[in-house]
Every structure is written in structure tokens, then in C-alpha cells.
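User: Please take a close look at one part of this model for me, and put it in context with a few other spots. Keep it casual, but give me the cut-offs.

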Amino acid sequence: MSDNILEIKNIFVEYFAENPITGQKQIVHAVNGLSLDIKDGEILAVAGESGCGKSTLAKAITHLEKPLSGEILYGNKDIFKMKKQELKAYRKDVQMIFQNPYSSLNPKMKIIDILKEPLKINTEYSDIEIYNIIKEKAEKVGLNINLLNSYPHEFSGGQRQRIAIARALMLNPKFIVADEPVSALDVSIQAQILNLIKELKREYKLTFLLITHDMGVIKYLADRVAVMYLGEIAELGSATQIFVNPKHPYTKALLSSVPKLEDTKTERISLKGELPSPSNLPNGCKFHTRCPHCMEVCRTCSPTDFEIHPGHMVKCFLYMNK
Ligand code: SF4
């Protein structure tokens, strides 16, 4: 039996956006033939620069953005072909935590009502059962139950993110997509929220898809890492494989931005130039315009996935015959 909670198979996601200079509509090729298995109970981090397609991937997984083609399988069912009741169950099982806890909480609602809402909409629980669930989840994330009659603006950024996490837990999800969950928080608060995510994963046997550009956060939390570049997975491996033995030139460049990694032998590369526009994708290897190892073949041919060690995949011609 598969130990995957979700299987993403060759998805392409595109949408129209306005060119900021010409004002004309253009197609954004946000996700380009991406395949990825997410294992039950793991924290899988998706790393990459802003604009690499990681948030679009999160939207596709949470059923907010329909892929042009490909499948996202949950329990062997494509989530975009689910019947109404199946989709309702999927939406209970899969929850999201957003980057900015303030904008994700309705400022006009008391916290107690924000936390009640998913239970009122999705369950038949009595008021006392709902109160007991809220109490349990609030305590689990470190919120004082006596403060739940307050409004979001009365809490600090860290407390608001705890509220957002408590709301995500209300329906006992199996899988949480966390999109930059600490990047809007003070550095002093970030470690507390990261520790909370670790604790919740253990306590509720949760699976997390962690979307972030911060390699320090990934190093602290992730079991496996998918490095994304222009809508593709450039490298995939365990956190140890990625941090100790990175292979793809883009992964090496991302790691160059993390200070004081203990491994000093691995080659580090400074990332030069801007990320090309996803409306105008380069031919060949998508990284070739910035790659210090670019060869002639890289300009015209796209590398496929090479498995260089079990579970360690890299999309780069440098490893084709190794
Ligand atoms: Fe660089 Fe070529 Fe590898 Fe792409 S395929 S990362 S351009 S060496």
C-alpha cells in the first residue's frame, strides 16, 4: 500500500495576468509538468524564490486553482473530479495556514466565533461539544481560553498566527499546507511557531507541505525538500541530502544564502540575475540563463529527472551519466 497522502502527477497550471509595462494580458506558466508525492506524516518543504510557482502549487493542492492538465490524487481520486461530498471531505482533511495571520482573520469577528465557524458549517456538534473542541485546540496552540472573546487586533502577530493554526486544526485535518507561516513574524517569535508546528505534527500525526523561501526554516523543520524553479522541481531529496550533498546548481545557490552551514566543503554558488518571467520561459533547461555550468545542450534541451541516490532526484545534465 502506498504511504503517500497526496500524489501530484504532471500538472501544468497557467493563468492570465496583466503585463505591468504594456498593460496587455499575458499567460503566466506558473507550474510546468510538476510531479511530486507527499508522504503521510512528513514535513515536505517546497523551496524557491518568489515567482517560482510554489504558491500556485499550494493553491492547486487546496483546490483553489485548477490545473490545465495533470492530476492531484488524494486516496487515488483526482481532487478536481471529486463529487460534492468527496470534495467536502477533502476540504475538511486539507487545511491551509497563510503568511499573514492578520489578513487571514476577519477583524470584525471575535476569536471564539472565528474558531467556531468551521465547526458550525461542517459538523452537527452541540454547543458544549464545540466549546470543548475549541478549548482543547486553543490550549494545544498556547492560547489563553479566557481571551477568546477578544478581536484579532487585540493580539500580537505571534498570537494571531496561533489563532490561525488553531482554526486550521478545528476539523481534525490530516494535511496542512503552510504558506510562509513565519515570514511575517518577528524573528524572536518565529522559533516559537516553528516549534509549535513540530509539536503538532507529532501530536496529531499531521502531514505538512511547507512553502517557504527561507532555507533556515526548511533546515529546522523539513524531512524532505523539493527545490522549485520556474514551475518545475529542480531537485528533490531528504533534508540531509539537500543540505549536506546538494547537486543542482540552483540548490547550491539557494544554500549560499544561508549563513553558517556546518558543511563547508560543498561548493557554494552566488545566484546572479533575476528570475526569468514565467510568461516567457527560457528554452532548454529553465535555469540555463543563470547557471554557471551552462553547456550548449542546456540551451536547447530540457533535462529530465536523474535519481543519483535513492530518493535523491536532480534535473540537470551534469548528472546524466553518473
Ligand atoms: Fe546548469 Fe545545464 Fe544543469 Fe541546467 S542542465 S542546471 S543549465 S548545468
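Analyst: Let's start with asparagine 10, which is partly exposed because its relative accessibility is 42% (20% to 50% counts as partly exposed, under 20% as buried and over 50% as exposed, with a 1.4 Å probe and protein chains only). Bear in mind that this is a predicted model, where local features need pLDDT of at least 70, side-chain atom pairs need 80 or more, and totals for chains, interfaces and linings use all residues. Residues are numbered from 1 along each chain as its sequence is written, and side-chain values use heavy atoms, without hydrogens or water.

Asparagine 10 belongs to strand E1, residues 4-18 (strands are DSSP E runs of at least two residues, helices H or I runs of at least four, numbered from the N terminus). Its phi is positive, about 50°, although it isn't a glycine. Most residues other than glycine have a negative phi. Asparagine 172 also has a positive phi of about 50°, and that one sits in the loop between helix H5 (157-169) and strand E7 (175-179).

Now over to lysine 315, in the segment after strand E12 (312-314). Lysine 315 is buried because its relative accessible area is 14%. Leaving out residues up to four places away in sequence, lysine 315 touches Glu232, Ile233, Ala234, His248, Pro303, Thr304 and Asp305 (contact means heavy atoms within 4.5 Å).

Two of those partners, His248 and Pro303, turn up around the ligand too, along with residues including Cys285, Phe287, Cys316 and Leu318 (a heavy atom within 4 Å). That shell has nine nonpolar, three polar and no charged residues (Ala, Val, Leu, Ile, Met, Phe, Trp, Tyr, Cys and Pro are nonpolar, Asp, Glu, Lys and Arg charged, the others polar).
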